[in-house]
Amino acid sequence: VCTVGSSWRTHWERDVTKIQFSSWDTASEQFCTGLTGCDSLPASWYKINTVTKFPVAKGTVLTVTCDTGYQLSGSNEVTCDQYNYTSYSYESEPTCTRIL
């Protein structure tokens, strides 16, 4: 559901009943500004978590930590920098290694 505010009708000549996008259509990524952001941490970030609730808007800074028994290397803050995906920017990619 696109929630861009109560003024969305002013952008259309008539009510919209259906909008459909294909996954290959990259032009549609910015169609709904209410949906821009990240919906989770990357699956490749093993044992990394955050207390931040998803979804988050583009530009949101998240603090990340490791599960108990693991130590964080790299940045402990990451910034959401993509539309509807899991793309983040950081100084050094965060990783967790097991504490022996």
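Me: What share of the 100 residues in the chain is made up by buried residues, and what makes a residue count as buried?

Reply: Buried residues make up 22% of the 100 residues in the chain, where buried means under 20% relative accessible area, exposed means over 50%, and partly exposed is what lies in between, using a 1.4 Å probe and protein chains only. This is a predicted model, in which local features need pLDDT of at least 70 and side-chain atom pairs count only at pLDDT 80 or more, whereas totals for chains, interfaces and linings use all residues. Residues are numbered from 1 along each chain as its sequence is written, and side-chain values use heavy atoms, with hydrogens and water left out.

Me: How many helices and strands does the chain hold, and what makes a run of residues count as either?

Reply: There are zero helices and nine strands in the chain; these are DSSP runs numbered from the N terminus, a helix being H or I over at least four residues and a strand being E over at least two. Strand β8, at residues 88-89, therefore meets the strand requirement of at least two residues.

Me: What makes β4 and β8 edge strands?

Reply: An open sheet of three strands has the order β4-β7-β8, with antiparallel pairing, and β4 (61-63) and β8 are its edges in that each pairs on one side only. Two strands pair if DSSP finds at least two bridges between them, and β7 (residues 77-80) and β8 are joined by two bridges in the antiparallel sense, so the requirement is met. One of the bridge partnerships is that of Thr79 with Ser89 in β8.

Me: Why is the pair of Trp45 and Tyr88 called tilted, rather than stacked or edge-to-face?

Reply: The structure holds three aromatic pairs, and in the one formed by Trp45 and Tyr88 the ring centres are 5.7 Å apart, with 40° between the planes. Rings of Phe, Tyr and Trp (its six-membered ring) pair if their centres lie within 6.5 Å, and planes under 30 degrees apart count as stacked, those over 60 as edge-to-face and the rest as tilted, so 40° gives a tilted pair. This pair links distant parts of the chain, with Trp45 in the loop between β1 (37-38) and β2 and Tyr88 in strand β8, 43 residues apart. Both residues are buried, and together with Tyr90 they form one aromatic cluster.

Me: What makes the pair of Tyr46 and Tyr70 edge-to-face, and is each partner buried or exposed?

Reply: With 6.3 Å from centre to centre and 85° between the planes, Tyr46 and Tyr70 qualify as an edge-to-face pair. Tyr46 lies in the loop between β1 and β2 and Tyr70 in strand β6 (residues 70-73), 24 residues apart. Tyr46 counts as exposed because its relative accessibility is 55%, whereas Tyr70 is buried because its relative accessible area is 16%.

Me: What makes a set of residues a nonpolar core, and which members of the largest one touch the most other members?

Reply: A nonpolar core is a set of buried Ala, Val, Leu, Ile, Met, Phe, Trp, Tyr and Cys residues joined through side-chain atoms within 4.5 Å. The largest has 13 residues, of which Leu41, Trp45, Ile48, Leu62, Val78 and Tyr88 touch the most other members. In soluble globular proteins, nonpolar side chains tend to be buried together.

Me: Why is Thr50 counted as buried, and what does its side chain reach?

Reply: Thr50, in the loop between β2 (48-49) and β3 (56-57), counts as buried because its relative accessibility is 17%. Its side chain makes a polar contact with the side chain of Thr52 at 3.2 Å, a pair of N or O atoms within 3.5 Å being required, in which, within protein, one must be able to donate a hydrogen and the other to accept it, while residues adjacent in sequence count only if both atoms are side-chain atoms. A polar atom of the Thr50 side chain also lies 2.8 Å from the backbone oxygen of Thr63. Leaving aside neighbours within four places in sequence, Thr50 is in contact (heavy atoms within 4.5 Å) with Leu41, Leu62, Thr63 and Val64.

Me: Why is Gly59 called partly exposed, and which residues does Gly59 touch?

Reply: Gly59, in the loop between β3 and β4, is partly exposed because its relative accessibility is 46%. Not counting residues up to four places away in sequence, Gly59 touches Thr79 and Cys80, and its C-alpha lies 5.2 Å from that of Cys80, although the two are 21 residues apart in sequence.
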